[in-house]
Amino acid sequence: MAATNAAEMAGLDGLASSDARGQEVLHLTRDRYLEVATALRESGFEMCADLCAVDYLRHLNRPLPEGVTPERFEIVVNLLSLEHHQRVRLRVQVPESDPVVPTLFNLYPGTENMEREAFDLYGVCFEGHPDHTRILMPEDWEGHPLRKDYSVGRVPVQFKEAPGPR
Amino acid sequence: MTGEELGEELRELKELRAETSEGPQELRDRDETNPVELAIEQGSVLRLPEGLVLDPGDIDVEFGEDETMIINMGPQHPSTHGVLRIMMELEGETVLRSKPVVGYLHTGMEKTGEQLTYVQGATNVTRMDYLAPLHNELVFSLAVEALLGVEAPTRATWIRMLMTELNRMSSHVMWMATNGMDLASTSMMIYGFREREMILSFFEKTTGLRMNHDYIRPGGVAADLPDGWEDDVMAIVETIPGRVDEYDEMLTGQPIFKERTEGVGIISPELAVAMSATGPILRASGVPWDLRRAMPYLAYDEVDFDVIVGTVGDTYDRYAVRLNEIRESCKIVRQCVDQMPLGDYRVQDKKVTPPPRARIDESMEALIHHFKIFTRGFEVPAGEVYTAIESPRGELGCYLVSDGSNKPYRMHIRAPSFVNLQTLPPLLRGGLIADAIAVISSVDPVMGEVDR
């Protein structure tokens, strides 16, 4: 682990941050999302390892650092610096009423599939994404299955007596 | 092939592209394009709605004399490694743009993961990457342990390392087999399956199952290694290097194999990093990035092994990286056998792991613990964590959010195949359609993991 944290490396201040089991997490609003990502990209975090969404509908009072307004959705971005062997995680609050965030495609082309997956399963839109379509679900699917208010499908299983030899 | 020759070939390709219906068009030097533009230009995104392709009558043909053709490959093509479908835009036999279409195997495993307790969770994740199930179990268990604040005993750590390295060998050997089949080397396929069988029988002996083991669980492993495991493992690591030498002899210097792989599907290190590619793809392009070395987990900082790196980043390099990684895994397995410590194979915290079977008959408390663990599971403190390990295909990550209950609130698996598939369009670009088979195979996608 590098001694300095990512926010210091990128010269970012005024960001709420937390320590999740020894991992550095920065909490952002949508307004600063691109700015922070750009600064981190320039300070050596050249790979976006992972991007996913979380729906906090049933866990709205989750622990967050002071000054962060909890919203229903979060976009979680894991950035990786190959040079410094360091990771940093961004948690972006996205309101339910307007689930739109800017795309990271122009900074990290590797987020293309991940953002499509987040859109497909959570319905969070990525403004400026070059191919904003469903990826895992069929094209004409209604709803976003990983949302907490989307019920789990079940196939009823009927247990029968095993048929006889004839 | 040297770098200069390859550059020469690339330049020729570029000149071929410059011949358009509007007359020869001068292209700017590749270095002047920024990586993002390059990714878009190289057709990372084939901006064509799927509907148009399904209904050919609707396609506006505006290509003039140099018409391009869009063909569909898969999802039931034998060389697409499962149900991968690729749309390809061709000009003659040259692939211009392409787009992998996935989702045919999507079963909502991340949603299922939210319905299962932490004890049951490993049975779910193990079914994602069915060629490296132990890696999936490992990353999930590490994430749960990080949230719990529990550390697996030393012996469990070394057993995990032994088993995942054997799994890496079986996965790479399996890749050699399917890759051989794709490139018409049927003997390679038979040999690959033969070697994999050796490792799978050891897995069966240890875990009870050949695949989808549910062996690595939060808190340790499900059972101790069987009696006489050293002999079994030594038999494997004494046989496999000799067999790998045979593959080497059969494929590495073989002219037909070299012709089909050298200089095919080149990716530059910059583009590989920008596209978030990891594993053999990234290493073959010359970036020495291996999580086992860069961010050691388990006890990888205590064993000696080399990170295999390529130079050109073509299909041949990806083959060479995997071939040599089998040898490195053999080295690690040998060290695991030598250094395997004695002790517990799972933590003795009865809230996390069940008591031994014999205790249930004599202790009421043990019976209650056993019952609680297999019905309700254990509660995990609220929080979030991201753990990552090096699977045979690249960075396998698990993002786990807990709300303090006995089931994960959110379980996201960062599947290396899913992300690596994005590199297909730039890899296929400008190559022949016949080479597409070799390139798809060299990315090593496992569709169970892509679609989850």
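**From the end of chain B to its core**

Arg452(B) lies in the segment that comes after H20 of chain B, and this residue is a convenient place to enter the structure, which is a predicted model. Although Arg452(B) is not a glycine, its phi is positive, at about 45°. Is Arg452(B) buried or exposed? Arg452(B) counts as buried, because 27 other C-beta atoms lie within 10 Å, where the cut-off for a buried residue is 20 or more.

A little earlier in the chain, Asp444(B) occupies the loop between helix H19 (433–443) and helix H20 (447–451) of chain B. Asp444(B), too, is a residue other than glycine with a positive phi, here about 60°, and this backbone angle occurs just after H19(B). Because Asp444(B) has 25 C-beta neighbours inside 10 Å, Asp444(B) is classed as buried. The helix that leads into this loop is itself mostly covered, with 9 of the 11 residues of H19(B) buried; among them are Asp435(B), Ile437(B), Val439(B), Ile440(B) and Val443(B).

Stepping back to chain B as a whole, the model contains 20 helices and 10 strands in this chain, and 49% of its 452 residues count as buried. Of the contacts in chain B that link residues at least 6 apart in sequence, 69% join residues at least 24 apart. The mean pLDDT of chain B is 84, with 85% of its residues reaching 70 or more. Residues 47–65 of chain B, however, have a pLDDT below 50, and this stretch makes 13 contacts in the model beyond near neighbours in sequence. Where pLDDT is low, the predicted coordinates should not be read in detail. For the model overall, the scores are ipTM 0.88 and pTM 0.85.

Two consecutive helices of chain B deserve a closer look. H7(B) has 29 residues, which should span 42 Å at 1.5 Å a residue, and the C-alpha atoms at its ends are in fact 42 Å apart, so the two values agree. H7(B) is mostly covered, since 25 of its 29 residues are buried, and just after this helix Ala184(B) takes a positive phi of about 65°. Helix H8 (residues 186–207) of chain B has 22 residues and extends 31 Å from its first C-alpha to its last, close to the expected 32 Å. Which residues of H8(B) are buried? They are Met188(B), Gly192(B), Glu195(B), Arg196(B), Ile199(B), Phe202(B), Phe203(B), Thr206(B) and Thr207(B), and what covers them includes H7 and helix H9 (229–252) of chain B. After H8(B) comes Gly208(B), with a positive phi near 95°.

These observations lead to the interior. In soluble globular proteins, nonpolar side chains tend to be buried together. The largest nonpolar core in this model has 156 residues, of which Ile75(A), Ala118(A), Val124(A), Ala143(B), Ala272(B) and Leu400(B) touch the most other members. Helix H7 (residues 154–182) of chain B supplies the largest share of this core, 13 residues, and both domain 1 (3–101) and domain 2 (109–149 + 152–346 + 381–418) of chain B contribute at least three residues each. On the chain A side, Val124(A) touches, beyond residues up to four places away in sequence, a set that includes Phe73(A), Ile75(A), Val94(A), Val101(A), Ala118(A) and Phe119(A).

How many residues of the two chains are in contact? The contact involves 44 residues of chain B and 32 residues of chain A. On chain B, the elements that each supply at least two residues to this side include helix H6 (133–148), helix H11 (269–274), strand S8 (383–391) and strand S9 (394–402). By type, the residues on that side of chain B comprise 24 nonpolar, 10 polar and 10 charged.

Met137(A) gives one example of a residue that reaches across to the partner chain. Met137(A) sits in the segment after strand S7 (125–127) of chain A, and it counts as partly exposed because 17 other C-beta atoms lie within 10 Å. Apart from neighbours within four places in sequence, Met137(A) is in contact with Asp120(A) and Pro145(A) in its own chain and with Gly103(B) and His106(B) in the other. Met137(A) and Ala6(A) are 131 residues apart along the chain, and their C-alpha atoms are separated by 36 Å.

Note on methods. Residues are numbered from 1 along each chain as its sequence is written. Chains are lettered from A and ligands numbered from 1 in the order in which they are written. This is a predicted model: local features need pLDDT of at least 70, side-chain atom pairs count only at pLDDT 80 or more; totals for chains, interfaces and linings use all residues. A nonpolar core is a set of buried Ala, Val, Leu, Ile, Met, Phe, Trp, Tyr and Cys residues joined through C-beta atoms within 7 Å. A residue is buried if 20 or more other C-beta atoms lie within 10 Å of its own, exposed if 12 or fewer, and partly exposed in between; C-beta atoms are placed from the backbone. Helices (H or I, at least four residues) and strands (E, at least two) are DSSP runs, numbered from the N terminus. Domain bounds come from an automatic or database domain assignment. Two residues are in contact if their C-beta atoms, placed from the backbone, lie within 7 Å. The expected span of a helix is 1.5 Å times one less than its number of residues. Ala, Val, Leu, Ile, Met, Phe, Trp, Tyr, Cys and Pro count as nonpolar, Asp, Glu, Lys and Arg as charged, and the others, Gly among them, as polar. pLDDT is the predictor's confidence in each residue, from 0 to 100.
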